[in-house]
Every structure is written in structure tokens, then in C-alpha cells.
Amino acid sequence: MSDLPPCPQCGSVYTYPDGSQYLCPECGNEWSPEDTAEGLEAKQVHDANGNLLQDGDTVTVIKDLKVKGSSLVVKVGTKVKNIRLVDGDHDIDCRIDGIGAMQLKSEFVKKA
């Protein structure tokens with residue numbers, strides 16, 4: 001297996017080095033190894049109290065949240081285990097018992 005990073009644009013695993021750059025044959029993206037390292041460090045997600053969140057953390061919901069397209073409500077105090085951080089407006093991907101898979105905003109949770 002190759003220990004080269006996947007393409008940051010399309011996620012292709014078929015990247016290859018070309019001098020001091022990495023190239024993606026699928027989308028044509030070019031990037032430097034420094035760009036990959038900076039991108040990983042720049043992604044920091046904080047909860048409502050300012051605590052740094054990481055993949056696998058357990059969080060508690062601090063506000064009743066209506067589930068869009070449903071009559072279900074995520075109640076205050078609901079514990080969510082094993083979160084996964086993602087890019088976007090809703091930066092927490094999780095699974096809540098009784099509701100299922102959903103995405104949450106970090107501003108509505110606190111680290112447990």
C-alpha cells in the first residue's frame with residue numbers, strides 16, 4: 001500500500017509524487033505536502049463552552065433540537081457518544097439512540 005495522502009479535492013487514492021508536488025490523475029489537482037499538513041491542523045471544532053472536540057468524544061445536547069422533516073425532538077441532556085467531525089455548517093456527524101444518524105452543530109453541544 002502507498003503511504004501517500006489521498007487527493008484533498010476528490011478523495012482519490014491514486015495520487016503520485018512529481019518532484020515536490022503530489023498529483024491526482026483523476027481530477028488533475030496538484031498540491032504540496034505542506035498543504036496537506038496545514039489542512040489537517042486547521043480543522044478545529046469547539047463546543048458551546050469553547051472546549052476542543054475530537055473524533056470519538058461524547059457530548060451532551062444543551063438545547064431542544066427539532067429534527068427537520070420529522071416530529072421528533074432531541075431533548076436537552078441527550079448524550080451522544082462517538083461523534084465524528086466533518087466539514088460544513090453542521091460539523092458533527094453522529095448516531096442518536098431512538099432517532100438515528102444525524103448531523104449537529106457544535107454550538108448546541110458541550111463536551112461530557
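**Exercise 1. Order of elements and overall form**

Determine the order in which helix and strands follow one another from the N terminus, and decide whether the protein is a compact globule or more spread out.

*Solution.* Step 1. Read from the N terminus, the elements of this predicted model run β-β-β-α-β-β-β-β-β-β-β-β-β-β. The inventory is thus one helix and 13 strands.

Step 2. The radius of gyration is 18 Å, whereas the globule rule gives 13 Å for 112 residues; the value is well over the rule, so the protein is more spread out than a compact globule.

Step 3. The dimensions of the C-alpha trace along the principal axes may be set beside this: they are about 55 × 30 × 25 Å.

**Exercise 2. Surface, burial and charge**

State what share of the residues counts as buried, what area the protein exposes, and how far apart the mean positions of the positive and negative charges are.

*Solution.* Step 1. Among the 112 residues, 29% count as buried.

Step 2. The exposed area is about 7,700 Å², of which carbon and sulfur atoms supply 46%.

Step 3. There are 12 positive and 18 negative charges, and their mean positions lie 18 Å apart.

Step 4. For contacts with a separation of 6 or more, 37% join residues that are 24 or more positions apart.

**Exercise 3. The largest nonpolar core**

Identify the residues that touch the most other members of the largest nonpolar core, and name the element that gives the most to this core.

*Solution.* Step 1. In soluble globular proteins, nonpolar side chains tend to be buried together. The largest such core here has 16 residues, and those touching the most other members are Leu 53, Val 80, Ile 83, Ile 92, Cys 94 and Leu 104.

Step 2. Two or more residues come from each of strand E6 (59–61), strand E11 (92–96) and strand E12 (100–104). E11 gives the most, namely three residues.

Step 3. Leu 104 may be taken as a particular case. With neighbours within four places in sequence set aside, Leu 104 is in contact with Leu 65, Val 80, His 90, Asp 91, Ile 92, Cys 94 and Val 109.

**Exercise 4. Two residues in the loop between E5 and E6**

Asp 55 and Asp 57 both lie in the loop between E5 and E6. Decide for each whether it is buried or exposed, and list its contacts beyond four places in sequence.

*Solution.* Step 1. The relative accessible area of Asp 55 is 52%, which makes this residue exposed, since the cut-off for that class is over 50%.

Step 2. Asp 57 has 14% relative accessibility and counts as buried, the limit being under 20%.

Step 3. Outside the four nearest places in sequence, Asp 55 is in contact with Ile 83, Arg 84 and Leu 85. By the same exclusion, Asp 57 touches Leu 52, Val 80, Lys 81, Asn 82, Ile 83 and Lys 111.

Step 4. As a distance check, the C-alpha atoms of Asp 55 and Leu 4 are 22 Å apart, with their positions 51 residues apart along the chain.

**Exercise 5. An asparagine with positive phi**

Locate Asn 82, give its phi, and classify its accessibility.

*Solution.* Step 1. Asn 82 occupies the loop between strand E9 (79–80) and strand E10 (84–85).

Step 2. Most residues other than glycine have a negative phi. Asn 82 is not a glycine, yet its phi is positive, at about 55°.

Step 3. With 58% relative accessibility, Asn 82 counts as exposed.

**Exercise 6. Two further loop asparagines**

Place Asn 29 and Asn 51 among the strands, and classify the accessibility of each.

*Solution.* Step 1. Asn 29 is in the loop between strand E2 (21–23) and strand E3 (30–31). Its relative accessible area is 15%, and Asn 29 is therefore buried.

Step 2. Disregarding neighbours within four places in sequence, the contacts of Asn 29 are Cys 7, Pro 8, Gln 9, Tyr 22, Leu 23 and Cys 24.

Step 3. Asn 51 belongs to the loop between strand E4 (45–46) and E5. At 36% relative accessibility, Asn 51 is partly exposed.

Step 4. On the same basis, Asn 51 is in contact with Val 45, His 46 and Lys 111. The C-alpha atoms of Asn 51 and Ile 83, 32 residues apart along the chain, are separated by 15 Å.

Key
Residues numbered from 1 in each chain as written. Predicted model: local features only at pLDDT ≥ 70, side-chain atom pairs only at ≥ 80, totals over all residues. Heavy atoms only, no water. Helix = DSSP H or I, 4+ residues; strand = E, 2+ residues; numbered from the N terminus. Rg over C-alpha atoms; globule rule 2.2 N^0.38 Å. Buried < 20%, exposed > 50% of the residue type's maximum accessible area, 1.4 Å probe, protein only. Contact = heavy atoms within 4.5 Å. Areas by Shrake-Rupley, 256 points an atom, 1.4 Å probe, with all protein chains shown as cover. Lys, Arg positive; Asp, Glu negative; His and termini not counted. Charge placed at Lys NZ, Arg CZ, Asp CG, Glu CD. Core = buried A, V, L, I, M, F, W, Y, C linked by side-chain atoms within 4.5 Å.
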